[in-house]
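Here are my notes on this model, as numbered points. Please read them with the structure open.

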Amino acid sequence: MTTDQTSVVVSRFIDASAADIFNLLSNPERHHELDGSGMVVSDEKTDRITASGQVFTMNMHNEKMGDYQTDNHVTGYDSNKILAWQTAPAGTEPKGWQWVWELQPNGADSTEVTLTYDWSHVTDKDTLKQVSFPMVSKDDLEESLNKLAAAVSGS
């Protein structure tokens with residue numbers, strides 16, 4: 001685990017192939033099962049992620065903002081290796097924070113999964129005043145990895 005002023009990074013080994021993990025991560029319909037922060041409610045009828053440039057919409061909730069939607073702009077896609085997106089309030093352009101999932105196979109049925117929450121590209125002063133980064137804690141990210149491990153194992 002690494003924490004600095006502009007990102008939080010967590011990693012763990014999961015007993016599943018990179019292909020099985022990527023299959024789950026690239027399906028926004030299942031993202032609510034993986035969210036350690038408890039903010040993701042459901043997806044908004046989004047297709048599977050298959051390439052950079054796609055946008056998928058999530059239904060969200062937190063105590064501070066209530067119910068809202070986010071548009072997630074896919075910025076990184078390499079099948080079974082990396083999936084990344086920048087998040088923005090629905091109908092707006094991303095303001096510079098992103099989520100990056102990296103998969104490193106460790107044999108046929110084990111994968112090191114690294115999850116990065118990075119807000120280093122947020123430069124808009126209004127956004128920096130309105131949003132208190134990090135919005136998601138290291139513990140929340142570690143819980144996302146735990147939930148991913150449980151989901152991919154079918155438990």
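In which sense do strand 6 and strand 7 pair, and over how many bridges? Point 1 takes this up. Please keep in mind throughout that this is a predicted model.

1. **Strands 6 and 7.** The pairing is antiparallel, and five bridges connect strand 6 with strand 7 (residues 98–105). For a landmark, take Ala84: its bridge partner in strand 7 is Val100.

2. **Strands 5 and 6.** Strand 5 (residues 66–78) also runs antiparallel to strand 6 (residues 82–89), with eight bridges between them. His73 is a handy marker here, as it stands opposite Gln86 in strand 6. The two strands make a hairpin, and three residues separate strand 5 from strand 6. Look at Asn80 in that turn: its phi is positive, about 65 degrees.

3. **The largest pocket.** Its volume is about 860 Å³. The lining has 36 residues, and those closest to the pocket centre are Met39, Met60, Tyr68, Trp97 and Met135. Several elements give two or more residues to this lining: helix 2 (31–34), strand 4 (55–62), strand 5, strand 6, strand 7, helix 3 (125–130) and helix 4. So the strands of points 1 and 2 appear again here, since strand 5, strand 6 and strand 7 are on that list. What is the make-up of the lining by class? It has 19 nonpolar residues, eleven polar and six charged.

4. **Salt bridges, overall.** The search covered the whole structure and found three salt bridges. Side chains of opposite charge can pair when their charged atoms come close. The next two points go through the pairs.

5. **Arg30 and Glu33.** These two form a salt bridge, with 2.9 Å between the closest N and O atoms. Are the partners buried or exposed? Glu33 counts as partly exposed because its relative accessibility is 29%. Arg30 is also classed as partly exposed, at 27%.

6. **The Lys138 network.** Lys138 forms a salt bridge with Asp139, where the closest N and O atoms are 3.8 Å apart. Lys138 also meets Glu142 in a salt bridge, at 3.5 Å from N to O. Lys138 and Glu142 are four residues apart in helix 4 (residues 138–153), so about one helical turn separates them. An α-helix has 3.6 residues a turn, so residues three or four places apart point the same way. Shared partners join Lys138, Asp139 and Glu142 into one network of salt bridges. Accessibility varies across the three residues. Asp139 counts as exposed because its relative accessibility is 52%. Lys138 is partly exposed at 29%, and Glu142 is partly exposed at 30%.

7. **Helix 1.** Which residues of helix 1 (residues 18–25) are buried? They are Ala18, Ile21, Phe22, Leu24 and Leu25. These buried residues span an arc of only 160 degrees around the axis, so they lie on the same side of helix 1.

8. **Leu24.** This residue lies in helix 1. Leu24 counts as buried because its relative accessibility is 4%, and the cut-off is under 20%. Along the chain, Leu24 and Leu148 are 124 residues apart. In space, their C-alpha atoms are separated by 8.3 Å.

Notes. Residues are numbered from 1 along each chain as its sequence is written. This is a predicted model: local features need pLDDT of at least 70, side-chain atom pairs count only at pLDDT 80 or more; totals for chains, interfaces and linings use all residues. Side-chain values use heavy atoms; hydrogens and water are left out. A salt bridge is a side-chain nitrogen of Lys or Arg within 4 Å of a carboxyl oxygen of Asp or Glu. Buried means under 20% relative accessible area, exposed over 50%, partly exposed in between (1.4 Å probe, protein chains only). Two strands pair if DSSP finds at least two bridges between them. On a 1 Å grid over the protein atoms alone, a cavity is a set of points where a 1.4 Å probe fits but cannot get out, and a pocket is an open set with protein on both sides within 12 Å along at least five of seven lines; lining residues have an atom within 4 Å of a point. Grid points are joined across faces, edges and corners, and a volume is the space filled by probe spheres set on the points. Ala, Val, Leu, Ile, Met, Phe, Trp, Tyr, Cys and Pro count as nonpolar, Asp, Glu, Lys and Arg as charged, and the others, Gly among them, as polar. The arc is that of the directions from the helix axis to the C-beta atoms.
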